[in-house]
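Please look through the sequence and the model shown here before reading on. The report that follows describes how the strands and helices are arranged.

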Amino acid sequence: VALLLESNEADAKQVTTLMTANGWQVQRMSDLNALLAAKAKGGDLILLGIGQSDEEQRAALTVLKTHKQLAHDAPLVGLIESDINPLTREFLIAAGLDNLLTKPVAAKALSRSLPHQPTAQAPTIRIEPAPAKRTAQAVS
């Protein structure tokens, strides 16, 4: 299960569609408190929308601090605006984000950043035995 906190409706829908196509179940969080509560219960991946505002960047830091305190091992991926300050990018990675993806998120970039396909959603692969080869019989 991926937990998604993204205030922009269009970005949230786009990321949810891409995640679902990659076999993930996505739970969209309404606010920071909902994300922190859901995170405490688990989650395989956390996707955190981070905008230009100081408020959104402070919220990201709150999530990072809580993430460390809970010793949570789920990867934490920041979804950032394309024009975010390069220093802010470096700071977010140094603070503990596992990856940053620029919005709108490209399908390839998202696929590369996913740690694994969730085990609960993993497809079952059935391997059929190959049909026995028929050998030519000698005709007399």
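## The sheet and its surroundings

Five bridges join β3 to strand β4 (residues 76–81), and the two strands run parallel. This is a predicted model. Within the pair, V77 in β4 is the bridge partner of L47. On β1, L4 also stands opposite L47 in β3.

The strand pairs with stated bridge counts are listed below.

| Strand pair | Bridges | Direction |
|---|---|---|
| β1 (residues 2–5) and β3 | four bridges | parallel |
| β3 and β4 (residues 76–81) | five bridges | parallel |
| β1 and β2 | three bridges | parallel |

In general, strands of a sheet pair through backbone hydrogen bonds, either parallel or antiparallel. Here five strands form an open sheet with parallel pairing, in the order β2-β1-β3-β4-β5. At the edges are β2 (26–28) and β5 (99–103), each of which pairs on one side only. From one strand to the next, the twist averages 25°.

In the pairing of β1 with β2, A2 stands opposite V26. Helix α2 (residues 32–41) packs on the sheet, where it touches β1 and β3, and its direction makes about 165° with that of β1. Another helix, α4 (residues 86–95), lies across β3, β4 and β5 and runs at about 145° to β5.

Are the residues of β3 buried or exposed? Strand β3 (residues 45–50) is mostly covered, with six of its six residues buried. In a regular strand the side chains alternate between the two faces of the sheet. In β3, L45, L47 and G49 point one way, while I46, L48 and I50 point the other way.

Nonpolar side chains tend to be buried together in soluble globular proteins. In this model the largest nonpolar core has 20 residues, and L35, L48, I50, L92 and L97 have the most contacts inside it. The elements giving two or more residues to this core are β1, α2, β3, α3 (54–69), β4 and α4. Which residues does L35 touch, leaving aside its neighbours within four places in sequence? With those set aside, L35 is in contact with L3, L5, M29, I46, L48 and V63. Apart from the largest core lies another core, of 16 residues, and among them are A2, L4, W24 and V26.

Definitions and conventions:
Residues are numbered from 1 along each chain as its sequence is written. This is a predicted model: local features need pLDDT of at least 70, side-chain atom pairs count only at pLDDT 80 or more; totals for chains, interfaces and linings use all residues. Side-chain values use heavy atoms; hydrogens and water are left out. Buried means under 20% relative accessible area, exposed over 50%, partly exposed in between (1.4 Å probe, protein chains only). Two strands pair if DSSP finds at least two bridges between them. Axes are lines fitted to C-alpha atoms, for helices over the stretch in contact, and angles run from 0 to 180 degrees between N-to-C directions. Contact means heavy atoms within 4.5 Å. A nonpolar core is a set of buried Ala, Val, Leu, Ile, Met, Phe, Trp, Tyr and Cys residues joined through side-chain atoms within 4.5 Å.
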